Amino acid sequence: MQYQNVKKAVFLRRPNRFIAQVELEGREETVHVKNTGRCRELLVPGVTVYLEDGGRPGRKTRYDLIAVEKGDRLINMDAQAPNKVFGEWAASGGFRTGLSLLRPETTWGNSRFDFYWESLEGKRKGFVEVKGVTLEEGGAVYFPDAPTERGVKHVEELVACRKAGYEASLFLVVQMEGVSFWSPNDRTHPAFGAAVRGAAAAGVEILCRDCRVTPDSLTMGIPVEIRL
């Protein structure tokens with residue numbers, strides 16, 4: 001996926017989870033943060049961030065904060081990006097061979113999943129729930145960075161799909177590259193880790209890939225080792 005009109009800035013502070021103050025071209029600017037997670041290890045005063053000029057009239061904030069430098073690592077922190085990247089990659093044949101249908105935001109029962117897919121003329125079909133990963137420690141990455149009852153519910157719903165005869169996948173999009181492995185963040189939310197392990201035992205596919213990141217793009221990368 002590609003961003004337009006990207007500018008470099010310096011992060012100053014984050015008054016709430018929706019906005020941040022940055023220094024842009026010598027002035028202080030209020031920008032929209034495209035990630036409502038904590039991101040405390042990323043948004044540290046003085047770090048370099050990247051902004052996309054939304055260019056849409058009527059907006060309270062002109063810019064969206066989309067990426068941040070953490071040491072020598074560039075991390076995309078746009079919460080909408082993982083679904084877009086997965087959609088592009090799956091549509092190009094990366095996810096399943098012979099994909100004949102890829103439909104986002106699909107309802108099944110009382111659940112709504114990020115993607116529904118079919119391949120081989122409908123002989124195979126399934127659901128995918130996508131999660132973006134931005135928390136990195138010592139070269140490893142973890143999800144979630146904050147407790148997520150919604151995430152636990154999504155995983156449990158994937159198990160229900162699997163029991164109903166569909167294929168089901170939890171797909172973790174690591175919004176950076178060059179990481180060693182991914183694990184559930186049991187310290188932050190042990191219930192999520194337990195749900196993922198239970199889902200894997202029930203036949204839900206757990207997949208993880210990193211991304212190639214530039215200030216103005218995000219592209220699906222290579223598989224990342226999963227440690228449950």
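Which residue in E11 is the bridge partner of Glu137? The legends below take up this point and others in a predicted model.

**Figure 1. Strands E10 and E11 pair within a four-stranded sheet.** Ala140 in E11 is the bridge partner of Glu137. The two strands, E10 and E11, run antiparallel and are joined by 3 bridges. They belong to an open sheet of 4 strands with mixed pairing, arranged in the order E10-E11-E13-E16. Strand E10 (135-137) and strand E16 (225-226) each have a single partner strand and stand at the edges, so one side of each is left without a neighbour in the sheet.

**Figure 2. Helix H3 lies across two strands.** The helix, formed by residues 190-201, crosses E11 and strand E13 (181-184). The direction of H3 makes an angle of about 110° with E13.

**Figure 3. Another open sheet contains 6 strands.** The order of the strands is E7-E8-E9-E12-E14-E15, and their pairing is mixed. The edges are occupied by strand E7 (99-108) and strand E15 (217-223); each has a single partner strand, so one side of each has no neighbour in the sheet. From one strand to the next, the twist averages 35°.

**Figure 4. Strands E12 and E14 pair in the parallel sense, and helix H2 packs on their sheet.** Strand E12 (residues 167-174) and strand E14 (residues 205-214) are paired over 5 bridges. Leu170 has Ile206 in E14 as its bridge partner. Helix H2 (residues 149-163) touches E7, strand E8 (111-119), strand E9 (124-133) and E12. The angle between the directions of H2 and E12 is about 145°.

**Figure 5. Trp89 and Phe171 form a tilted aromatic pair.** A search of the whole structure finds 14 aromatic pairs. A pair of aromatic rings is described by the distance of the centres and the angle of the planes. For Trp89 and Phe171, the distance is 5.4 Å centre to centre, with 50° between the planes. This pair links distant parts of the chain, since Trp89 belongs to helix H1 and Phe171 to strand E12, 82 residues apart.

**Figure 6. The largest pocket holds about 1000 Å³ of space.** The lining comprises 38 residues, of which Thr36, Ala79, Lys131, Phe143 and Arg150 are the closest to the centre of the pocket. At least two lining residues come from each of strand E3 (27-33), helix H1 (81-91), E8, E9, strand E11 (140-143) and H2. By residue class, the lining has 12 nonpolar, 14 polar and 12 charged residues.

Key
Residues numbered from 1 in each chain as written. Predicted model: local features only at pLDDT ≥ 70, side-chain atom pairs only at ≥ 80, totals over all residues. Heavy atoms only, no water. Pairing = 2+ DSSP bridges. Axes fitted to C-alpha atoms, helices over the stretch in contact; angles between N-to-C directions. Contact = heavy atoms within 4.5 Å. 1 Å grid on protein atoms, 1.4 Å probe; cavity = no way out; pocket = protein on both sides within 12 Å on 5 of 7 lines; lining within 4 Å. Points joined across faces, edges and corners; volume = space filled by probe spheres on them. Nonpolar A, V, L, I, M, F, W, Y, C, P; charged D, E, K, R; others polar. Phe/Tyr/Trp six-rings, centres within 6.5 Å; stacked < 30°, edge-to-face > 60°.
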